[in-house]
Amino acid sequence: MKDLHIHIEREDYTVESIEKFIAKAQETGLDEICLLEHNIRFFDFHPTFKEAREYNAYQRKWFDAKAKQARKLDDFKSLAEKSGAEIIR
């Protein structure tokens, strides 16, 4: 069994946090998991949200709240490499 849609956004970007996901997957009998993030979680993609942010006050508030927690995409890639995960592009 697989779970190919697990967000790590509420966890620290550490190998230990990834190992928790792996342990839970093994505990529940999963053979494969895919850890991912929404692109809003990365500064690199913020320019693509310009029009949506300007659409109305609700969108602006949503984006600004998410932007406070953003990281660099390279941080995510680095975490994957450190954890020994297979990176799918």
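**Close-ups of a predicted model**

**View 1. Aromatic pairs, with Phe49 and Phe63 up front.** Five aromatic pairs turn up in this structure, which is a predicted model. Take Phe49 and Phe63: their ring centres are 5.8 Å apart and their planes meet at 35 degrees, so this pair goes down as tilted. The two partners come from distant parts of the chain, 14 residues apart. Phe49 lies in the loop between β2 and α2 (50-55), while Phe63 belongs to helix α3 (residues 57-67). Are these rings buried or exposed? Buried means under 20% relative accessible area, so Phe49 at 15% counts as buried, and so does Phe63 at 9%.

**View 2. An aromatic cluster and a charge around Tyr13.** Tyr13 forms one aromatic cluster together with Phe42, Phe45 and Phe76. Look for Arg71 here too: its charged end sits over the ring of Tyr13, 3.7 Å from the ring's centre.

**View 3. The largest nonpolar core.** Nine residues make up this core: Ile6, Ile8, Tyr13, Ile18, Phe21, Phe42, Leu73, Phe76 and Leu79. Two elements, α1 (15-27) and α4 (73-83), each give two or more residues to this core. Which of them gives the largest share? That's α4, with three residues. Zoom in on Leu73 and you'll find that, leaving out residues up to four places away in sequence, it touches Phe42, Asp44 and Phe45.

**View 4. Strands β1 and β2 side by side.** Strand β1 (residues 2-7) pairs with strand β2 (residues 32-36) in the parallel sense, over four bridges. Lys2 stands opposite Glu32 in β2. Add α1 to the two strands and you get a right-handed β-α-β unit.

Key. Residues numbered from 1 in each chain as written. Predicted model: local features only at pLDDT ≥ 70, side-chain atom pairs only at ≥ 80, totals over all residues. Heavy atoms only, no water. Core = buried A, V, L, I, M, F, W, Y, C linked by side-chain atoms within 4.5 Å. Buried < 20%, exposed > 50% of the residue type's maximum accessible area, 1.4 Å probe, protein only. Contact = heavy atoms within 4.5 Å. Pairing = 2+ DSSP bridges. Right-handed = clockwise from strand over helix to strand, strands pointing away. Phe/Tyr/Trp six-rings, centres within 6.5 Å; stacked < 30°, edge-to-face > 60°. Lys NZ or Arg CZ within 6 Å of the ring centre and 35° of its normal.
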